[in-house]
Amino acid sequence: MEIRPATADDAEPFLRTVDAAFGGEFHPDDLAMFASLFEPERSLAAFDGEQIVGTTGIYTRELTVPGALMTIAAVTLVGVLPTHRRRGVLTALMRRQLDDVRAAGQPVAALWASEAAIYGRFGYGRAAYHANLTLRTAGTRLGPGLPAPSGRMVLLEPPDAIARIAPLYDRVRRERVGHLDRAEAWWRRRTGDPEHRREGRGPLRAAVHEDDTGAVDGYVLYAVKQGWTDGPDGQVLVRELVADGPAATAAMWGFVLGLDLTRSLEWLLAPPDEPYGEIVAGPQNARLELGANLWIRLVDVPAALAARAYAAPVDVVVEVDDAFCPWNAGRYRLVADGGLDAGAATCGRTDAPPDIACSAADLGAAYLGGTTLAVLHAIGRVRELRPGAVERASRAFGWTRAPWCPEIF
């Protein structure tokens, strides 16, 4: 078995292996999009002879972390053919990949996990959640206190909307922890709508809101799945909804609630902390099911901890255990003044007695400010070695809003 970086010529067999590993179907129409995003020099393939039997990839993306923007290794395309499982292929791929990320000088890796049991053993911690939102829209209206919708809505073909909505997304993503930057190729993927992936939905549409000055302050990417029972019973399927401010929020929600011939709405990657019960008033409450969102791996603990801001002053010594990346193991002193902009924190090795002890995966889970150190302490994952240390550190690691990534990469 040989593990080596892929080449551009490996794009098709690489994608075929990923599709087979996930039990999916290779479709030729997907190849061009995949090739436009593929970073072969950062993607690893496990070869059995001439055949690719295992894969893992990286996209180079910029992630919003508390108080800062950080270039990360966005890990993806992880799979092993069913004929080669239980042979250590995945472990070997993850070992080589994390070594490569460290050599590249990137302190943080992030991924979406298809199975929650896999990545903890490689030092990833579940750092964010999203909401799967379902709502019966019959009889609903905007909640009291929201501004009356103003401005105007414009319907565009999704690819044609990119130039108008990308600047809004870029402004919003810089303030929302968990969001990623989007180059042109990523926007083409986000607005892509191949028919073989619609699963009965209508075509993807883009609705853009302009305020009274003509500036774009909201948009929604959505499709409608038609239905009929004792009358029209269509379903609005939201791919992405962005609104900058209360007026834009009222306008966007007023739009999706008022689409003709629809009676329900589904948004599978919605923000987990949006006050849906205040935005929408109706006979039925919105139903939320939380799903695991980003998993974070601290590849370089002191560099990662020094790169973000902290919500409260902190001076804490952390004993870190990291079996998979032993270079991280040891004690670190983290000091920050609690300013909301990164750059003031310092973190380095120390011989001082530890205040708390945890694994690198636990620090990854807490890194974006969603999973708290206090919660991990309550279930025995974080040990408190100095009274009050967990409470103080947990407060510092928190942030103003829950982290949330709106797209699977």
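**Exercise 1. The nonpolar core**

Of the 67 residues in the largest nonpolar core, which touch the most other members?

*Solution.* Keep in mind that this is a predicted model. Counting the contacts inside that core puts Leu-305 and Tyr-367 at the top. Next, take Tyr-367 and set aside residues up to four places away in sequence: its contacts are then Val-65, Pro-66, Met-70, Val-108, Ile-296, Leu-298, Ala-304, Leu-305, Ala-307 and Arg-308. Leu-305 is thus one of the residues that Tyr-367 touches. Another core, of 26 residues, lies apart from the largest one, and its members include Leu-90, Val-101, Val-299 and Cys-325. As general background, nonpolar side chains in soluble globular proteins tend to be buried together.

**Exercise 2. An open sheet**

Work out which strands stand at the edges of the open sheet of five strands, and why one side of each is left without a neighbour.

*Solution.* Start by writing down the strand order, β19-β18-β17-β20-β21, and note that the pairing is mixed. The edges are β19 (346-349) and β21 (383-384); each has a single partner strand, so one side of each has no neighbour in the sheet. Now look at the β21 end: β20 (residues 356-359) runs antiparallel to β21, and two bridges join them. To find the register, place Ala-357 opposite Arg-383 in β21.

**Exercise 3. The surroundings of Thr-191**

Decide whether Thr-191 is buried or exposed, then describe what surrounds Thr-191.

*Solution.* First locate Thr-191 in the loop between α5 (184-190) and β10 (205-210). Its relative accessibility is 5%, and the cut-off for buried is under 20%, so Thr-191 counts as buried. Then check the polar side: the side chain of Thr-191 reaches the backbone oxygen of Trp-187 at 2.9 Å. Finally, leave out neighbours within four places in sequence, and Thr-191 is in contact with Pro-158, Pro-159, Ile-162, Leu-204, Leu-221 and Arg-239.

**Exercise 4. Empty space**

Find which element gives the largest share of the lining of the second largest pocket, and how many cavities of 30 Å³ or more the whole structure holds.

*Solution.* The second largest pocket has a volume of about 700 Å³. It is lined by 34 residues, and those closest to its centre are Val-172, Glu-175, Arg-176, Ala-243 and Arg-401. Elements that each supply at least two lining residues are β3 (51-65), β4 (68-80), α4 (158-173), β12 (234-243) and α6 (246-257). The largest share, four residues, belongs to β12.

For cavities, the search finds one of 30 Å³ or more. The largest cavity holds about 40 Å³ of space, and its lining includes Arg-308, Tyr-310, Asp-337 and Asp-341.

Technical notes: Residues numbered from 1 in each chain as written. Predicted model: local features only at pLDDT ≥ 70, side-chain atom pairs only at ≥ 80, totals over all residues. Heavy atoms only, no water. Core = buried A, V, L, I, M, F, W, Y, C linked by side-chain atoms within 4.5 Å. Buried < 20%, exposed > 50% of the residue type's maximum accessible area, 1.4 Å probe, protein only. Contact = heavy atoms within 4.5 Å. Pairing = 2+ DSSP bridges. Polar contact = N/O pair within 3.5 Å; in protein donor to acceptor, adjacent residues only side chain to side chain. 1 Å grid on protein atoms, 1.4 Å probe; cavity = no way out; pocket = protein on both sides within 12 Å on 5 of 7 lines; lining within 4 Å. Points joined across faces, edges and corners; volume = space filled by probe spheres on them.
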